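Me: I should like to learn how to read a structural model of a protein. Could you guide me through one, feature by feature?

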Amino acid sequence: MISLEGVRKVYNRETHISIRDFVFEDGTSYCILGPSGSGKSTLLNIIAGITKPTEGEVCVGENRVSSLLEKELDRFRFEYIGYIPQDLKLLDEFTVVDNLSMVELGGEITKKPEEALKWVGLGHKLRAKIKRLSGGEKQRVAIARVLLKSPKVMLCDEPTGSLNTAKGIEIMELLVKIHKEENNILIVVTHDDRMCKYFDKVIKFEDMLGGIRDA
Ligand SMILES: Nc1ncnc2c1ncn2[C@@H]1O[C@H](COP(=O)(O)OP(=O)(O)OP(=O)(O)O)[C@@H](O)[C@H]1O
C-alpha cells in the first residue's frame, strides 16, 4: 500500500503542489491522467523517494519514505521501486543486455537480464545497441530493466509519449500484463485518455490536487 498524507512540494514562490491524502491499494493498477506541467512527475518522484516533499508523509509498505536517510533510500528504491522515467535513462552507446547488467550493481536481482528481455519480447535483441532500437523497443528495455528486481511498485511516466497509438497500446498492455503476473502496484501517468481502459482505476490528476500555483 502507498499512502500520502498532507504532501506538499514547494519548488519556489510561484510553484507549489499539494496532493490530497490518498491511498494506492496493493495489487491494483492506476492510470493518472493530467495535462503537462500539472505535477504528475513530481508525484511519482515523491513516491520513489527521489524528490523530498516539503511537507507531509509518504509511506510505501512499511517504509516512511519521507523520513528515510540517504543510505536507507538507496535500499528502499532498489527493493520497492521500479521507475520508468519519461526520458528512460538508457545508455545509447551500450547494448541492451549491458544496460540491464548495470542494475545488478545496485543489489540482488530476481531475474536474469536475458529472462527479463524475453518477457518483454526482446530476447532477440540482447546485443543490439540502444541507439539502433525503435522508440517502442527502448521502452521495452526500460520495462525489462525494472523487471529484473520484481519491484513491489512500478511507476511509469508517460510511457507512450513518443509512440504512435498502436505501439502505445502494446506498451500499456505489456505493463498491465506484467503487473498482473507480479501482482504489484502499477501507477502510470499520462495525458492520453485513450489508454485508460487498461487499468483498474483511472484518476484525474486534478482530483488529486489540493492546489497548484504556477505564476
Ligand atoms: N526541479 C524543479 N524546480 C522548479 N520547478 C519544477 C521542478 N520540477 C518541476 N517543476 C515545476 O513543477 C510543475 C510540475 O512539474 P511536473 O514535471 O511534475 O509536471 P508533469 O505533469 O509531470 O508535466 P509533464 O507531463 O510535462 O512532464 C511545473 O510547473 C514545473 O515547471
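Reply: Let us begin with the contacts along the chain. Of the contacts with a separation of 6 or more, 73% are between residues 24 or more positions apart. Please keep in mind that this is a predicted model.

Me: How many helices and strands does the chain have, and what are its overall dimensions?

Reply: The chain holds 7 helices and 11 strands. Its C-alpha atoms fill a box of roughly 50 × 40 × 30 Å along the principal axes. A compact globule of 215 residues would have a radius of gyration near 17 Å, and the chain agrees with this because its own value is 17 Å.

Me: What percentage of the residues count as buried, and which residues touch the most other members of the largest nonpolar core?

Reply: The general idea is that nonpolar side chains tend to be buried together in soluble globular proteins. Here, 36% of the 215 residues count as buried. The largest nonpolar core has 52 residues, and those touching the most other members are Ile-47, Ile-143, Ala-144, Val-153, Leu-155, Leu-175 and Ile-187. Helix H5, residues 135-147, gives the most to this core, with 6 residues. As for Ile-187, its contacts beyond four places in sequence are Phe-24, Tyr-30, Ile-32, Leu-44 and Leu-155.

Me: Why are the buried residues of helix H1 on the same side?

Reply: An α-helix has 3.6 residues a turn, so residues three or four places apart point the same way. In H1, which spans residues 40-47, the buried residues are Lys-40, Leu-43, Leu-44, Ile-46 and Ile-47. They lie on the same side of H1 because they cover an arc of only 160° around the axis. After H1 comes Gly-49, with a positive phi near 75°.

Me: Which residues other than glycine have a positive phi, and are they buried or exposed?

Reply: Two cases are Leu-88, with phi near 65°, and Lys-89, with phi near 55°. Leu-88 lies in the loop between strand E7 (81-84) and helix H3 (96-101), and Lys-89 is also placed between E7 and H3. Leu-88 counts as partly exposed because it has 18 C-beta neighbours inside 10 Å. Lys-89 has 11 other C-beta atoms within 10 Å, and is therefore exposed.

Me: Finally, which residues come nearest to the ligand, and how does its shell divide by residue type?

Reply: There are 13 residues around the ligand, of which Tyr-11, Ser-36, Lys-40, Ser-41 and Thr-42 come nearest. The shell comprises 10 polar, 2 charged and 1 nonpolar residues. Lys-40 thus appears in two places in our reading: beside the ligand and among the buried residues of H1.

Technical notes
Residues numbered from 1 in each chain as written. Predicted model: local features only at pLDDT ≥ 70, side-chain atom pairs only at ≥ 80, totals over all residues. Near = placed C-beta within 6 Å. Nonpolar A, V, L, I, M, F, W, Y, C, P; charged D, E, K, R; others polar. Core = buried A, V, L, I, M, F, W, Y, C linked by C-beta atoms within 7 Å. Buried ≥ 20, exposed ≤ 12 C-beta atoms within 10 Å, placed from the backbone. Helix = DSSP H or I, 4+ residues; strand = E, 2+ residues; numbered from the N terminus. Contact = placed C-beta atoms within 7 Å. Arc of directions from axis to C-beta. Rg over C-alpha atoms; globule rule 2.2 N^0.38 Å.
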